[in-house]
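Dear colleague,

Please find below the structure for your review. My findings follow directly after it.

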Amino acid sequence: MKKKKGVQIRKFILIDSAYKSRILRGDKVTTVRYGNYEAKPGSEVYLVVTPSDTAIAKVRITKVERKKVRELTNKDARLDGFSDVKELLRELNKIYGELYGDDEVTVIGFEVVKRFRDGIPLRWLKGLNYHEPDEIARLYLENRERLNFNRETDFIMRRIYNEGLGKAVRTFGPKRVQQALLKVYHGLYAEGLI
């Protein structure tokens with residue numbers, strides 16, 4: 001019998017925004033998912049909160065472990081930010097519907113490697129081929145002479161680099177910042193710099 005393929009985690013993991021502070025404090029270092037998920041330990045992915053679809057951090061996958069629901073322990077619950085397995089199961093049942101002891105879950109461990117002071121909209125990350133705005137701004141500033149962009153784009157890249165994405169968005173507006181990032185990304189790509 002052929003083994004069913006699992007859901008691949010390659011670029012990001014979606015997490016409900018209710019868990020954001022637990023994750024950033026280090027109180028939640030796993031996520032328990034219903035079904036078979038596949039991720040490569042050591043790989044880095046973005047942690048994206050819903051419903052805003054905003055990346056709040058980059059995390060490194062530390063473990064991927066498949067279990068039956070009945071095999072979940074209090075330790076699993078604590079690592080997931082809950083006080084005990086009963087509380088974890090109540091939350092899983094709320095998310096997935098009623099789970100049974102033989103149902104399979106995947107416990108995915110992670111560690112935060114980079115927090116984003118200002119969240120990054122997932123659609124922006126996708127448009128930038130998963131290059132972070134501060135990386136785009138840094139590469140732009142290092143290669144300004146090779147790139148030919150207008151003054152506003154230069155100001156936006158400097159603002160992102162020096163003061164962060166949030167400050168740039170508050171100053172120039174999200175549409176202008178996104179357009180500048182996309183323009184610069186494509187310029188860097190065309191020059192073979194990214």
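A polar contact, as the term is used here, is a pair of N or O atoms within 3.5 Å, of which, within protein, one must be able to donate a hydrogen and the other to accept it. Please note also that this is a predicted model.

By that criterion, the side chains of K67 and D76 form a polar contact of 2.6 Å. K67 belongs to strand 6, which covers residues 54-68. Is K67 buried or exposed? Its relative accessible area is 12%, so K67 counts as buried, the cut-off being under 20%. Apart from neighbours within four places in sequence, the residues in contact with K67 are L72, D76, D103, E104, V105 and V107. As a reference distance, the C-alpha atoms of K67 and G166 lie 40 Å apart in space, with the two positions 99 residues apart in sequence numbering.

The sheet

Strand 6 is part of an open sheet of five strands, arranged in the order 2-5-6-7-3 with mixed pairing. Its edges are strand 2 (12-16) and strand 3, each of which pairs on one side only. On average, neighbouring strands in this sheet are turned by 40° against each other, direction ignored.

Strand 7 is given by residues 104-121, and strand 3 pairs with strand 7 in the antiparallel sense over five bridges. Strand 6 and strand 7 also run antiparallel, joined by 13 bridges. Which residues stand opposite T106 of strand 7? R33 is one of them, and R66 is another. V107, also in strand 7, is the bridge partner of V32, and V107 is in addition among the contacts of K67. As a general point, side chains in a regular strand alternate between the two faces of the sheet.

Helix 3

Helix 3 consists of twelve residues, 85-96. At 1.5 Å a residue, a span of 16 Å is expected, and the end C-alpha atoms are indeed 16 Å apart, so the two values agree. Which residues of helix 3 are buried? They are V85, L88, E91 and L92. Viewed down the helix axis, these buried residues fall within an arc of 125°, and therefore they line one face of helix 3. An α-helix has 3.6 residues a turn, so residues three or four places apart point the same way. The buried residues pack against strand 3 (30-34) and helix 2 (74-79), whereas K86, R90 and K94 are exposed on the other side of helix 3.

Both ends of helix 3 deserve a remark. At the N-terminal end, D84 acts as a cap, with a side-chain oxygen 3.2 Å from the backbone nitrogen of K86. Just after the helix, G97 adopts a positive phi of about 90°.

Helix 6

The last site to report is D154, located in helix 6 (residues 151-163). With a relative accessible area of 11%, D154 falls under the 20% cut-off and is therefore buried. Its side chain takes part in a polar contact of 3.0 Å with the side chain of R144 and in another, of 2.8 Å, with that of R158. When neighbours within four places in sequence are left aside, the contacts of D154 are Y140 and R144.

In short, two buried charged sites may be of interest for your work: K67, with its polar contact to D76, and D154, with its polar contacts to R144 and R158.

With kind regards

Key: Residues are numbered from 1 along each chain as its sequence is written. This is a predicted model: local features need pLDDT of at least 70, side-chain atom pairs count only at pLDDT 80 or more; totals for chains, interfaces and linings use all residues. Side-chain values use heavy atoms; hydrogens and water are left out. Helices (H or I, at least four residues) and strands (E, at least two) are DSSP runs, numbered from the N terminus. The expected span of a helix is 1.5 Å times one less than its number of residues. Buried means under 20% relative accessible area, exposed over 50%, partly exposed in between (1.4 Å probe, protein chains only). The arc is that of the directions from the helix axis to the C-beta atoms. Contact means heavy atoms within 4.5 Å. Two strands pair if DSSP finds at least two bridges between them. Axes are lines fitted to C-alpha atoms, for helices over the stretch in contact, and angles run from 0 to 180 degrees between N-to-C directions.
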